[in-house]
Amino acid sequence: MDDEIGNIIGTHIKAKRTAAGLNTHQLAKRSGVAASTIGRIESGAKLPTLPTLLSLDRALDLELPQLLADLGAHSGRNLPEFEEYLRQKYDMSNETISEVAAYFRGVVAG
């Protein structure tokens, strides 16, 4: 599951970076995220933390609702991939995960 999520996130970030005409070092300078970390995220070897994802979003306009939709965060599904990501990455309780998932369903549907 982590590999699939990592690949989706990495592919999305790499596509946005290349569309912006940036290499990883330029993106690192813009975002404050180390170039080596960006490379690991783009290859799917590392799941970004939320602060890292937000830093990359500010630098690339990642369209986080689209990224979440790519992860299965849309109103027609129960968000198993997104919920599992939150559970594994942030060790959230089921109640908190449900609240976060409901919020992002609204953002994506909205």
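**Exercise 1. Which residues are exposed on the other side of α2?**

Task: Sort the residues of α2 by burial and place them around the helix axis.

Solution.
Step 1. Start with the outward side. His25, Lys29 and Arg30 are exposed there. The model is a predicted one.
Step 2. List the buried residues of α2. They are Leu27, Ala28 and Ser31.
Step 3. Look down the axis. The buried residues of α2 fall within an arc of 105°, so they line one face of the helix.
Step 4. Check the two ends. At the start of α2, a side-chain oxygen of Asn23 comes to within 2.9 Å of the backbone nitrogen of His25. Just after α2, Gly32 has a positive phi of about 80°.

**Exercise 2. The chain as a whole**

Task: Describe the secondary structure, burial and contact pattern of the protein chain.

Solution.
Step 1. Count the elements. There are seven helices and zero strands. From the N terminus, the order is α-α-α-α-α-α-α.
Step 2. Turn to burial. The protein chain has 110 residues, and 38% of them are buried.
Step 3. Take the surface. About 6000 Å² is accessible, and carbon and sulfur atoms hold 49% of that.
Step 4. Consider contacts with a separation of 6 or more. Of these, 60% join residues 24 or more positions apart.

**Exercise 3. Ser31 and its surroundings**

Task: Place Ser31 and find what its side chain and its contacts reach.

Solution.
Step 1. Locate the residue. Ser31 sits in helix α2.
Step 2. Decide on burial. The cut-off for buried is under 20% relative accessible area. Ser31 has 12%, so Ser31 is buried.
Step 3. Find the polar partner. A polar atom of the Ser31 side chain lies 3.1 Å from the backbone nitrogen of Val33.
Step 4. Set aside residues up to four places away in sequence. Ser31 then touches Ile38, Ser55, Leu56 and Ala59.
Step 5. Assign these partners. Ile38 is one of the buried residues of α3. Ser55, Leu56 and Ala59 are among the buried residues of α4.

**Exercise 4. The salt bridge**

Task: Identify the salt bridge and state how its two residues are placed.

Solution.
Step 1. Recall the principle. Side chains of opposite charge can pair when their charged atoms come close.
Step 2. Count. The model has one salt bridge.
Step 3. Name the pair. Arg17 bridges to Glu42, with the closest N and O atoms 2.6 Å apart.
Step 4. Place the pair. Arg17 belongs to helix α1 (residues 2-19) and Glu42 to helix α3 (residues 35-42). The two are 25 residues apart and link distant parts of the chain.
Step 5. Test for burial. Arg17 counts as buried because its relative accessibility is 9%. Glu42 is buried too, with a relative accessible area of 11%.

**Exercise 5. The inner side of α3**

Task: Determine where the buried residues of α3 lie around its axis.

Solution.
Step 1. List the residues. Ala35, Thr37, Ile38, Ile41 and Glu42 are buried.
Step 2. Use the arc. These residues span an arc of only 160°, so they are on the same side of α3.
Step 3. Move past the helix. Gly44 follows α3, and its phi is positive, near 85°.

**Exercise 6. Helix α4 and the loop after it**

Task: Separate the two sides of α4, then describe Asp61.

Solution.
Step 1. Find the buried set. In helix α4 (residues 50-60) these are Thr52, Leu53, Ser55, Leu56, Ala59 and Leu60.
Step 2. Use the arc. The buried set covers only 160° around the axis, so it lies on the same side of α4.
Step 3. Turn the helix round. Pro51 and Arg58 are exposed on the other side.
Step 4. Step into the loop between α4 and α5, where Asp61 lies. Asp61 is not a glycine, yet it has a positive phi of about 50°.

**Exercise 7. The largest nonpolar core**

Task: State which residues and helices build the largest nonpolar core.

Solution.
Step 1. Recall the tendency. In soluble globular proteins, nonpolar side chains tend to be buried together.
Step 2. Size the core. The largest one has 23 residues. Ile9, Ile13, Leu27, Leu53, Leu56 and Leu62 touch the most other members.
Step 3. List the contributors. α1, α2 (24-31), α3, α4, α5 (64-70) and α6 (80-90) each give two or more residues to this core.
Step 4. Find the largest share. It comes from α4, with four residues.
Step 5. Follow one member, Leu62. Beyond its neighbours within four places in sequence, Leu62 contacts His12, Ile13, Lys16, Leu53, Leu56 and Asp57.

Note on methods. Residues are numbered from 1 along each chain as its sequence is written. This is a predicted model: local features need pLDDT of at least 70, side-chain atom pairs count only at pLDDT 80 or more; totals for chains, interfaces and linings use all residues. Side-chain values use heavy atoms; hydrogens and water are left out. Buried means under 20% relative accessible area, exposed over 50%, partly exposed in between (1.4 Å probe, protein chains only). The arc is that of the directions from the helix axis to the C-beta atoms. Contact means heavy atoms within 4.5 Å. Accessible areas come from the Shrake-Rupley method with a 1.4 Å probe; for residues, only the protein chains shown count as cover. A salt bridge is a side-chain nitrogen of Lys or Arg within 4 Å of a carboxyl oxygen of Asp or Glu. A nonpolar core is a set of buried Ala, Val, Leu, Ile, Met, Phe, Trp, Tyr and Cys residues joined through side-chain atoms within 4.5 Å. A polar contact is a pair of N or O atoms within 3.5 Å; within protein, one must be able to donate a hydrogen and the other to accept it, and residues adjacent in sequence count only if both atoms are side-chain atoms.
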